[in-house]
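Visitor: I would like a close look at a single part of this protein. Please pick one stretch and walk me through its surroundings.

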Amino acid sequence: MSASDTQVSAIEVARVAKTFPVRGGLFARPKMLRAVEDASFVLPLGGTFGLVGESGSGKSTLAKIILGADDASQGNVFFGERVFGKHTQAKDVRWRQRAVQAVLQDPFGSLDPHMTISDIVLEPLRIQRSGLARAVLDKRLDELLAQVGLPAEFKRRRPGELSGGQRQRVAIARALVLEPEILVLDEPVSALDVSIQAQVLNLLKDLQDALGLSYLLISHDLAVVAFMSSHIGVLYLGRFMERGTREDIVERAAHPYTHALIAASEPDSFAVEPIGGEIPSPLAPPSGCVFHTRCPAVRDVCRTEAPPDYQWSATHRVMCHFPIASKQT
């Protein structure tokens with residue numbers, strides 16, 4: 001991949017695909033659901049790569065593969081020199097269990113309501129490094145609560161006593177307890193009130209700067225992705241429609257789907273009509289360009305031939321027969 005030649009990567013995803021067999025009935029032959037198809041991208045070290053797309057686009061499947069919660073059907077994921085694919089080494093799995101952590105969408109469902117905040121945050125540390133002295137654990141807990149902006153007395157509370165934003169700060173503290181290098185942020189603010197979302201996003205940015213973290217951010221909201229990300233990939237039915245720097249995607253979008261996502265994130269804008277309809281079933285993706293059934297600029301070739309993956313600029317790729325030209329800067 002060209003991007004990896006010019007920058008140090010925290011993660012490089014190389015031609016990853018994930019296929020699931022799905023049965024329609026007890027005696028029916030299973031159909032193959034292609035959740036991710038030939039996905040490649042680079043998360044720069046210390047940067048944020050944003051995966052954006054509608055529900056069903058394959059974002060969470062990619063996240064599970066990177067976290068090790070699922071295996072790719074083909075392709076590899078590289079963390080520096082470590083390779084995760086068909087020949088993953090046990091020592092690398094142990095490294096990933098510490099170095100790659102997740103912050104999930106639901107800050108209440110991801111926290112055990114019966115545990116105290118102290119036990120929730122420290123649980124991964126107790127599992128990974130058993131036998132630590134109580135004083136060491138208490139010091140680490142106080143450090144983490146201060147880092148995420150929570151008072152020390154919260155350690156004795158339970159999740160039900162906290163607001164949604166406070167619970168998500170607890171989830172972030174738990175993700176940081178093992179001193180990870182990479183955080184996978186799966187819709188980290190979508191369950192929060194709009195007034196709280198900016199606070200949590202700014203906290204994540206501050207932590208990234210202070211701790212040198214790399215983020216893989218997953219969201220359906222292009223505005224959130226644009227605010228947080230240095231690089232962005234636009235997914236549709238498991239395929240990258242467009243990839244590039246934040247400026248490439250936000251200021252020089254070349255794919256009609258990206259333009260539609262921009263319109264959806266700017267409801268007061270009348271420059272582009274948001275797309276209608278729903279994303280097709282991945283069990284029966286459209287022929288040709290998978291976006292052609294909803295594309296406002298569809299032409300005959302789009303219905304029959306898959307588009308090439310154009311190198312639109314040095315940092316910008318787009319999968320479209322007729323990319324939307326814009327002034328390159």
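What follows is one long answer that starts from a single strand and works outward.

Guide: Keep in mind that this is a predicted model. The mean pLDDT of the protein chain is 91, and 94% of its residues reach 70 or more. Let us take strand 9, residues 231-236. Among the elements of the chain, strand 9 has the highest mean pLDDT, 98.

How many residues of strand 9 are buried? The count is 6 of 6, so the strand is mostly covered, given that buried means under 20% relative accessible area. In a regular strand the side chains alternate between the two faces of the sheet. Here both faces are covered. On one side sit His231, Gly233 and Leu235. On the other side sit Ile232, Val234 and Tyr236.

Now look at the partners. Strands of a sheet pair through backbone hydrogen bonds, either parallel or antiparallel. Strand 9 shows both senses. With strand 3, residues 48-52, strand 9 pairs in the parallel sense over 4 bridges. One bridge links leucine 51 to glycine 233. With strand 10, residues 239-245, strand 9 runs antiparallel, and 6 bridges join the two. In that pairing, isoleucine 232 stands opposite glycine 244. Strand 9 and strand 10 also form a hairpin, with 2 residues between them. Leucine 237 lies in the turn and has a positive phi of about 50°.

Next comes a neighbour, helix 10, residues 256-265. Strand 9 is among the elements that cover the buried residues of helix 10. So are strand 3, strand 10, helix 8 (222-228) and helix 9 (246-251). Helix 10 is largely enclosed by the rest of the structure, because 7 of its 10 residues are buried. Those residues are Pro256, Tyr257, Thr258, Ala260, Leu261, Ile262 and Ala263.

Thr258 gives us a link to another place. Its C-alpha atom is separated by 16 Å from that of threonine 315, which is 57 residues apart along the chain. Threonine 315 sits in the loop between strand 11 (309-313) and strand 12 (316-319). Is threonine 315 buried or partly exposed? Its relative accessibility is 44%, so threonine 315 counts as partly exposed. Its contacts lead back to where we were. Leaving aside neighbours within four places in sequence, threonine 315 touches Arg243, Gly244, Thr245 and Asp248. Gly244 is the residue opposite isoleucine 232 of our strand.

Step further out, to an open sheet. This sheet has 4 strands in the order 2-1-4-5, with antiparallel pairing. Its edge strands are strand 2 (31-44) and strand 5 (82-84), and each pairs on one side only. From one strand to the next, the twist averages 20°. Helix 2, residues 59-67, packs on this sheet and touches strand 1, strand 2 and strand 4. The direction of helix 2 makes about 115° with that of strand 1. Helix 3, residues 90-99, packs on the sheet too, touching strand 4 and strand 5. Its direction makes about 95° with that of strand 5. Inside the sheet, 4 bridges join strand 1 (residues 9-22) to strand 4 (residues 74-79). One of these pairs valine 13 with valine 77.

Now turn to the cores. The largest nonpolar core has 55 residues. Val170, Ile172 and Tyr215 have the most contacts inside this core. Helix 6 gives the most to the core, with 6 residues. Ile172 touches Val103, Val148, Val200, Leu203, Leu204 and Leu207, not counting residues up to four places away in sequence. A second, separate core has 28 residues, including Ile11, Ala39, Phe49 and Leu216.

Helix 6 spans residues 164-176, and 10 of its 13 residues are buried. Among the elements that cover its buried residues are helix 4 (117-128), helix 5 (134-147) and helix 7 (194-211). Its length can be checked. At 1.5 Å a residue, the helix should span 18 Å, and its end C-alpha atoms are 19 Å apart, which agrees.

End with a caution. Helix 1, residues 2-6, has the lowest mean pLDDT among the elements, 44. Over residues 1-5 the pLDDT stays under 50, and the model has 9 contacts beyond four places in sequence for them. Where pLDDT is low, the predicted coordinates should not be read in detail.

Key. Residues numbered from 1 in each chain as written. Predicted model: local features only at pLDDT ≥ 70, side-chain atom pairs only at ≥ 80, totals over all residues. Heavy atoms only, no water. Pairing = 2+ DSSP bridges. Axes fitted to C-alpha atoms, helices over the stretch in contact; angles between N-to-C directions. Contact = heavy atoms within 4.5 Å. Buried < 20%, exposed > 50% of the residue type's maximum accessible area, 1.4 Å probe, protein only. Expected span 1.5 Å × (residues − 1). Core = buried A, V, L, I, M, F, W, Y, C linked by side-chain atoms within 4.5 Å. pLDDT = per-residue confidence, 0-100.
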